[in-house]
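Reader: I am in my first year and find a whole model hard to take in at once. Please choose one kind of contact between side chains, go through it closely, and then show me what lies around it.

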Amino acid sequence: MHRVTALTLFAGGMMLAGATRAIAHSGPNFAQVVALDECDPDSFNMKVELGGLGEGGTGFCHNVALAAFGYATTLPDLVMKAQSGTPDPGWDFEPDQVTIRTDTLLSVVDQGGEPHTFTEVAQYGGGFIDLLNHGEATVPECAGGFSNVAVAKTRILQGSHLDITGLSKGKHLFQCCIHPWMRMEVDVK
């Protein structure tokens, strides 16, 4: 009797799994964008009065980089590179460009250690942190930082994602309002 019950449950589970798979594939198309960075937790999270952004071990950077092997960007290096116009290439949206259909779900995943935004802008420019803008003026869409609800709604915290649907046909430009060199073009056909 136990064998018949087990086989029935197994068969029912397999049918349910097949139905779930069919439902999942009948929805809109899917495209993924990954936000990457290599923040160094020691320099980013040190106390503010010592030049960091945190309060003694807490802060913005939740490291996913291999700092022990030299694969991490310190806060001073990030600022220096941004100000010199050669921002760290490890801080990026991947891919840099994607072509999708109007019914596509665009999912932006933050796999870095820092928070980012994925904000649509009319044209690329500076973000809301002047220190990182390399002389570019803050674009209107980023003005006000997180006190601007439109910017706050595009924030992606470490390990989370932002889903975007309903993009109209045409070219759409997105950038991070914190790290403005992180830019991406989405072409909707």
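**Salt bridges and their surroundings**

Author: Asp88 is buried, since its relative accessible area is 6% and the limit for buried is under 20%. The model is a predicted one, and that applies to everything that follows. The partner of Asp88 is Lys81, with which Asp88 forms a salt bridge; the closest N and O atoms of the two are 3.7 Å apart. A salt bridge is counted up to a distance of 4 Å. Lys81 has a relative accessibility of 27%, so Lys81 counts as partly exposed. The pair therefore joins a buried acid to a partly exposed base.

In total, the structure holds three salt bridges. Another one brings together the side chains of Arg101 and Asp103, at 2.8 Å from N to O. Here both partners are partly exposed: Arg101 has 47% relative accessibility, and Asp103 has a relative accessible area of 34%.

The remaining pair is Glu136 and Arg183, and its closest N and O atoms are 2.8 Å apart. Glu136 sits in the loop between E6 and H4, while Arg183 belongs to strand E10, so this salt bridge ties together parts that lie 47 residues apart in sequence. Glu136 counts as partly exposed at 36% relative accessibility. Arg183 also counts as partly exposed, at 23%.

The loop that holds Glu136 is a useful place to step outward. Pro140 is found in the loop between E6 and helix H4, residues 149-152. Pro140 is exposed, because its relative accessible area is 67% and the limit for exposed is over 50%. The C-alpha atoms of Pro140 and Gln123 are 9.5 Å apart in space, and the two residues are 17 positions apart in sequence.

From the loop, the next step is the sheet that includes E10. Four strands make up this open sheet, in the order E3-E10-E9-E6, and their pairing is mixed. E3 and strand E6 (119-121) are the edge strands, each paired on one side only. From one strand to the next, the twist averages 30 degrees. E9 and E10 run antiparallel and are joined by six bridges. One example is Leu173, which stands opposite Glu185 in E10. E6 and strand E9 (residues 170-175) are antiparallel as well, with three bridges between them. There, Val121 has Leu173 in E9 as its bridge partner. Leu173 thus appears in both examples, facing Glu185 in the one and Val121 in the other.

A further open sheet of four strands has the order E2-E1-E4-E8, again with mixed pairing. Strand E2 (92-94) and strand E8 (161-164) each have a single partner strand, so one side of each is left without a neighbour in the sheet. Neighbouring strands in this sheet are turned against each other by 20 degrees on average, direction ignored. E8 and strand E4 (residues 105-110) run antiparallel and are joined by four bridges. Within that pairing, Val109 has His161 in E8 as its bridge partner.

Strands from both sheets also meet in the nonpolar interior. The largest nonpolar core has 30 residues, and the members that touch the most others are Phe93, Leu106, Phe118, Ile164, Leu167 and Val186. Two or more residues come from each of strand E1 (30-36), H3, strand E3 (97-100), E4, E8 and strand E10 (183-188). H3 contributes the most, with four residues.

Some nonpolar side chains lie on the outside instead. Leu66, Phe69 and Tyr71 form a nonpolar patch on the surface, and their accessible area together is about 390 Å². Leu66 belongs to the loop between helix H2 (41-45) and helix H3 (75-83).

Last, the chain as a whole. There are four helices and ten strands, and along the sequence they follow the pattern α-β-α-α-β-β-β-β-β-α-β-β-β-β. The chain has 189 residues, of which 37% count as buried. Asp88, where this account began, is buried too.

Terms used:
Residues are numbered from 1 along each chain as its sequence is written. This is a predicted model: local features need pLDDT of at least 70, side-chain atom pairs count only at pLDDT 80 or more; totals for chains, interfaces and linings use all residues. Side-chain values use heavy atoms; hydrogens and water are left out. Patches are made of residues with over 30% relative accessible area and no salt bridge: like charges are joined within 9 Å, nonpolar side chains (Val, Leu, Ile, Met, Phe, Trp, Tyr) within 5 Å. Accessible areas come from the Shrake-Rupley method with a 1.4 Å probe; for residues, only the protein chains shown count as cover. Two strands pair if DSSP finds at least two bridges between them. Axes are lines fitted to C-alpha atoms, for helices over the stretch in contact, and angles run from 0 to 180 degrees between N-to-C directions. A nonpolar core is a set of buried Ala, Val, Leu, Ile, Met, Phe, Trp, Tyr and Cys residues joined through side-chain atoms within 4.5 Å. Buried means under 20% relative accessible area, exposed over 50%, partly exposed in between (1.4 Å probe, protein chains only).
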